[in-house]
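Reader: I'm new to reading protein models. Could you walk me through this one, question by question?

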Amino acid sequence: VGMLLLLVGGGFDLSVGGLFSMAGVIVGSLMKVNGVPTPIAIAITLGCAALGGLLNGWVVAKVKVNALITTLGTMGIFRGIAIFIGGPGITFLPEDFNAIGQSTFLGFQFGFWLFLFLVFLFYYLMTRTRFFRQFYYIGGNAKAALLSGMNVERLQIIAFVISALLAALAGIVFASRVESSISIAGDGAELRVITAVVLGGASLTGGKGNVF
């Protein structure tokens, strides 16, 4: 969902796998090593991910570095942070945290229901709200969107932050489900994510794509 938003807006993010790993390790370290309560640990982790997305967006939108180069570099940074903090991994996470990913409703785990919620939420946002419709315009023709009054740089940064937050959320839920923080859990995920979005009908050139 996060990658779709980026591709629709004419960008992409190779660092989502690194963010996935980093988020799982940060939340695990905060709870297991530092004794931070689960809700606060999750909030801090999402905040760190948002900063990572902000870094990506700022370099791409403001410094004008190609998204491929930018996110390839930050992918290595995020992976390095995950390995530095987590080492081989952090196991035996708190039970209240594990319960998040392992809880079930109607036979399906929490991750499935979170996925459905995000699909319907972003389908609504991208088809029914004026703000998110702008991503289709900047992906189709960024220069024309800029001349028509859209703040293209701000929208690009927002897209990277949302992508980072959703990647981190996936990493947190994964760590909760497997009861451990794995430093290399997200390695290679970026290519699977981009492939899924493209096979789902999004265009690599931007301006086209649908959440469903």
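Reader: Which strand does Gln109 lie in?
Author: Helices (H or I, at least four residues) and strands (E, at least two) are DSSP runs, numbered from the N terminus. Residues are numbered from 1 along each chain as its sequence is written. Gln109 falls within residues 108-109, and that run is strand β3.

Reader: Can I trust every spot equally, and is Gln109 buried, exposed or partly exposed?
Author: This is a predicted model, where local features need pLDDT of at least 70, side-chain atom pairs count only at pLDDT 80 or more, and totals for chains, interfaces and linings use all residues, while side-chain values use heavy atoms, with hydrogens and water left out. Buried means under 20% relative accessible area, exposed over 50%, and partly exposed in between (1.4 Å probe, protein chains only). Gln109 has a relative accessible area of 33%, so it is partly exposed.

Reader: Which residues does Gln109 touch, not counting residues up to four places away in sequence?
Author: Contact means heavy atoms within 4.5 Å. Leu155 sits 46 residues from Gln109 in sequence and 33 Å from it in space, C-alpha to C-alpha. Once residues up to four places away are set aside, Gln109 touches Gly101, Gln102, Ser103, Thr104 and Arg177.

Reader: Zooming out, how many helices and strands does the chain have?
Author: Just read along the sequence: the pattern goes α-α-α-α-β-α-β-β-α-α-α-α-β-α. Count them up and you get 10 helices and 4 strands.

Reader: What is the radius of gyration of the chain?
Author: The radius of gyration is taken over C-alpha atoms, and the globule rule is 2.2 Å times the number of residues to the power 0.38. With 212 residues, a compact globule would come out near 17 Å, and the chain agrees with that, at 17 Å.

Reader: Which helix gives the most to the largest nonpolar core?
Author: A nonpolar core is a set of buried Ala, Val, Leu, Ile, Met, Phe, Trp, Tyr and Cys residues joined through side-chain atoms within 4.5 Å. The largest one has 55 residues, and those with the most contacts inside it are Phe97, Phe122, Met126, Phe132 and Phe135. Elements giving two or more residues to this core include α1 (2-8), α6 (110-128) and α7 (130-140). The top contributor, with 12 residues, is α9.

Reader: Which elements do the buried residues of α7 pack against?
Author: In α7, the buried residues are Phe132, Gln134, Phe135, Tyr136, Ile138 and Gly139. Take Phe135: leaving aside neighbours within four places in sequence, its contacts are Leu5, Val8, Gly9, Leu155, Ile158 and Ala159. As for the elements, the buried residues of α7 pack against α1, α6, α8 (142-147) and α9.

Reader: Is Ser29 buried or exposed?
Author: Ser29 belongs to helix α2. Residues it touches, beyond four places away in sequence, are Asn34, Ile85 and Ile90. Its relative accessibility is 12%, so Ser29 counts as buried.

Reader: What is phi of Phe92 near?
Author: Most residues other than glycine have a negative phi. Lys64, in the loop between α3 and α4, has a positive phi of about 70 degrees although it is not a glycine. Phe92 is in the loop between β1 (90-91) and α5 (95-102), and it is exposed, with a relative accessible area of 68%. Phi of Phe92 is positive too, near 55 degrees.
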